[in-house]
Amino acid sequence: MVLALTIGLLVAGAAYLMLDRSYLRAVLGFLMLGHAVNLLLFASGGIQRRGEPLEGTDPAAAADPLPQAFVLTAIVIAFAITVVMLVLAVTGRAGDDTADRERPAGRSEPVR
């Protein structure tokens, strides 16, 4: 139950952050969504009802290691995508028209 609530909170926070116009908040939302999906994959492996898949453990009673391998792969891919998104957030500020700019009195164009 705690795991499901944590996943729900992470998805809700990610949706809130990704709906903002700021690049940094979108990147943070992406990170939170990635963590929520990783927890969902962990939960699908049966961590509550089965033991660790270590040597000497009965294979029928051990948790499925495939979701854990998926999560490890997802962590690596999410890290690479996050780095690319952060680089784009830092370098793509000029002329992106995502931020609200103040218009001085008497000017029809926003200040750049």
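**Three helices and how they pack**

At 38% relative accessibility, Gly8 counts as partly exposed, a label for anything between buried (under 20% relative accessible area) and exposed (over 50%), worked out with a 1.4 Å probe and protein chains only. Gly8 sits in helix α1. Its C-alpha atom is 10.0 Å from that of Leu40, although the two residues are 32 apart in sequence. Before going on, a word on the ground rules: this is a predicted model, in which local features need pLDDT of at least 70 and side-chain atom pairs count only at pLDDT 80 or more, while totals for chains, interfaces and linings use all residues. Residues are numbered from 1 along each chain as its sequence is written, and side-chain values use heavy atoms, with hydrogens and water left out.

So what is the protein built from? It has three helices and zero strands, and from the N terminus on the order is simply α-α-α. Helices (H or I, at least four residues) and strands (E, at least two) are DSSP runs, numbered from the N terminus. As for confidence, pLDDT (the predictor's confidence in each residue, from 0 to 100) averages 80 over the protein, and 75% of the residues score at least 70. Among the elements, α1 has the highest mean pLDDT, at 92, and α3 has the lowest, at 88.

Of the 112 residues, 15% count as buried. The accessible surface comes to about 8,400 Å², and 67% of that belongs to carbon and sulfur atoms; the areas come from the Shrake-Rupley method with a 1.4 Å probe, and for residues, only the protein chains shown count as cover. Contacts, meaning heavy atoms within 4.5 Å, also link distant parts of the chain: among those between residues at least 6 apart in sequence, 46% join residues at least 24 apart.

Next up is helix α2, residues 23-44. Its 22 residues should span 32 Å at 1.5 Å a residue, and its end C-alpha atoms are indeed 32 Å apart, so the two values agree. The expected span of a helix is 1.5 Å times one less than its number of residues. At the start of α2, a side-chain oxygen of Ser22 comes to within 3.4 Å of the backbone nitrogen of Leu24. That pair is a polar contact (N or O atoms within 3.5 Å; within protein, one must be able to donate a hydrogen and the other to accept it, and residues adjacent in sequence count only if both atoms are side-chain atoms).

Which residues of α2 are buried? They include Val27, Gly29, Ala36 and Asn38, and their cover includes α1 (2-18) and α3 (65-91). On the α1 side, Leu33 of α2 is a handy example. Leu33 is partly exposed, because its relative accessibility is 32%. Leaving aside neighbours within four places in sequence, Leu33 is in contact with Val11, Ala14 and Met18. The C-alpha atoms of Leu33 and Val11 are 5.6 Å apart, with their positions 22 residues apart along the chain.

Asn38, also in α2, looks towards another set of partners. Asn38 has a relative accessible area of 10% and therefore counts as buried. Not counting residues up to four places away in sequence, it touches Val71, Ala74 and Ile75.

Val71 belongs to helix α3. Val71 is buried because its relative accessibility is 2%. Beyond residues up to four places away in sequence, Val71 touches Asn38, Leu41 and Phe42. Its C-alpha atom lies 8.5 Å from that of Val37, 34 residues away along the chain.

What else is known about α3? It has 27 residues and reaches 40 Å from its first C-alpha to its last, close to the 39 Å expected at 1.5 Å a residue. Pro67, Val71, Thr82 and Ala89 are buried in α3, and what covers the buried residues there includes α2. Thr82, with a relative accessible area of 8%, is therefore buried. A polar atom of its side chain lies 2.6 Å from the backbone oxygen of Ala78. Not counting residues up to four places away in sequence, Thr82 touches Val27, Phe30 and Leu31.

Finally, there is the database record. An unreviewed UniProt entry places the feature "transmembrane region" at residues 24-43 and 69-90; UniProt positions are given in the numbering used here, feature names are shortened, and annotations may be inferred rather than shown by experiment. In the model, residues 24-43 are 100% helix and 0% strand, with end C-alpha atoms 29 Å apart. Residues 69-90 are likewise 100% helix and 0% strand, and their end C-alpha atoms are 32 Å apart.
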